[in-house]
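Here is a friendly walk through one protein model, with an eye on its pockets and on two residues. Please keep the structure open as you read.

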Amino acid sequence: MKTTTIASLLAAAAMTSVASAQFWTVSPNFGISEGVSNNGVVSGSALASGGQYFAWTANGGASLIGGVSAGQGVGGRATISNDGRYIGGTVFNAVQNYHEMGRYDRTTGVWQGFGAIPTIGTQIDSSVSSGWGMSGDGRNVVGLGWTTEGTADAHAMQWREGTGVIDLGTATVGNSSRANAASFDGSVVAGWQDGAGRQGAAWVNGVQELIFNGANPAQEAFDVSDDGVYVVGMGIGSFFSAGNAYRYNTVTNTYQALPNLASGAAQRMAAAAVNGDGTLIGGGTWGTGPATFGRGFIWAEGVGTMSVALFLEENGVAFDPNFNFSFVSAISADGQWLTGWGNIGGPGNTQTWVARIPAPGTAGLLALGGLVGVRCRR
């Protein structure tokens, strides 16, 4: 039996990984990131209302790709396939004169629009639908479609390559739903259902499951693992207590609360990003105001919750010590790329950050609250 310390184990791991560990910031002019692929292509939305989406690579920098980012009555996010080829979101249809859910092909530079939900689709303001998530294979885009049911009623919507638009429906007429993310093959979709607030929901092979924390409705779900097993979402604490994000198992139908940061925990805690097998989760915790005012976190299986700065440091990533990590918005399926928002000098200077982690398992040696000794047998 030989006793070693985490510091020595991390040092050994760093010998092979630190050369590839990297960190970048993106000009504030290109807004906030919302997706990242396994080969480091980042997708995001311009901060200005009515702006475009952008794509970023380490070698090529950021470039505008069209589409219409959220603002001025238009919704949606720029999410990306695992191989970085496709970006999902919302695009303007000049022929029909409305906004619709769509997909951008980076190899052709062309947007494809998917229109409205069949039969019951309608136009509200300037949109018939909006794109909020994409499957890992790029063959599914999910989001929201406006319908003629109820009053300004929206349904979760899925476009599947080779099939077309699918209405995922709503639990009750008059209450809206929305899809925010999809598993690798699109068989599991995550989002929310109105009725008990924005309750977290999952659609497994098209059948809706509402998510509960005990007897209480869980909050909105934001992402789903590639294998479709885990859905992650948001928790809101009381006025005097911090919230807890969650990981929901769609196979066993079990809810797992994710602990907030030991230091800096706030009333709201949102898990917005997950890797392919659900073992690495990221997001942010904040109080009043937008999430750009918060603190980013990473949760690792078997370890717990830690700050983004600590996670990056222990994985050999160098960054400006004055940089404040506000949020983790996306993690690649392989867990090696992370992106989110942060600032130097306050939320008024919000910009996108990107990090590459060559050995994501290194974080598993950390424990919430600091380093601890590990006993190893050799």
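The text below covers the pockets and then two residues.

This is a predicted model, in which local features need pLDDT of at least 70 and side-chain atom pairs count only at pLDDT 80 or more, while totals for chains, interfaces and linings use all residues. Residues are numbered from 1 along each chain as its sequence is written, and side-chain values use heavy atoms, with hydrogens and water left out.

**The pockets**

A pocket is an open set of points on a 1 Å grid over the protein atoms alone, where a 1.4 Å probe fits and protein lies on both sides within 12 Å along at least five of seven lines; lining residues have an atom within 4 Å of a point. Its volume is the space filled by probe spheres set on the points, which are joined across faces, edges and corners. Strands (E, at least two residues) are DSSP runs numbered from the N terminus. For the classes, Ala, Val, Leu, Ile, Met, Phe, Trp, Tyr, Cys and Pro count as nonpolar, Asp, Glu, Lys and Arg as charged, and the others, Gly among them, as polar.

| Pocket | Volume | Lining by class | Largest share of lining |
|---|---|---|---|
| Largest | about 670 Å³ | 14 nonpolar, 8 polar, 5 charged | E3, 3 residues |
| Second largest | about 150 Å³ | 7 nonpolar, 5 polar, no charged | E22, 3 residues |

In the largest pocket, 27 residues form the lining, and Ile32, Glu34, Arg77, Trp132 and Trp341 lie nearest its centre. Strands E3 (32-36), E15 (177-182), E25 (268-274) and E29 (324-331) each give two or more residues to that lining.

The lining of the second largest pocket includes Asn213, Met234, Tyr246 and Tyr255. Here the elements giving two or more residues are strands E20 (216-217), E22 (230-236) and E24 (254-258).

**Thr352**

Look next at strand E31 (residues 351-356), where Thr352 is found. Thr352 counts as buried (under 20% relative accessible area, 1.4 Å probe, protein chains only) because its relative accessibility is 0%. Its side chain reaches the backbone oxygen of Gly31 at 3.0 Å, and a polar atom of that side chain lies 2.8 Å from the backbone nitrogen of Ser33. Not counting residues up to four places away in sequence, Thr352 touches (heavy atoms within 4.5 Å) several residues, including Trp24, Ile32, Phe54 and Thr339.

**Asp226**

Asp226 sits in the loop between strand E21 (221-224) and E22. Its C-alpha atom is 4.4 Å from that of Gly276, although the two residues are 50 apart along the chain. Leaving aside neighbours within four places in sequence, the contacts of Asp226 include Asn82, Phe184, Gly276 and Ala333.

Notes:
Helix = DSSP H or I, 4+ residues; strand = E, 2+ residues; numbered from the N terminus. Buried < 20%, exposed > 50% of the residue type's maximum accessible area, 1.4 Å probe, protein only. Polar contact = N/O pair within 3.5 Å; in protein donor to acceptor, adjacent residues only side chain to side chain.
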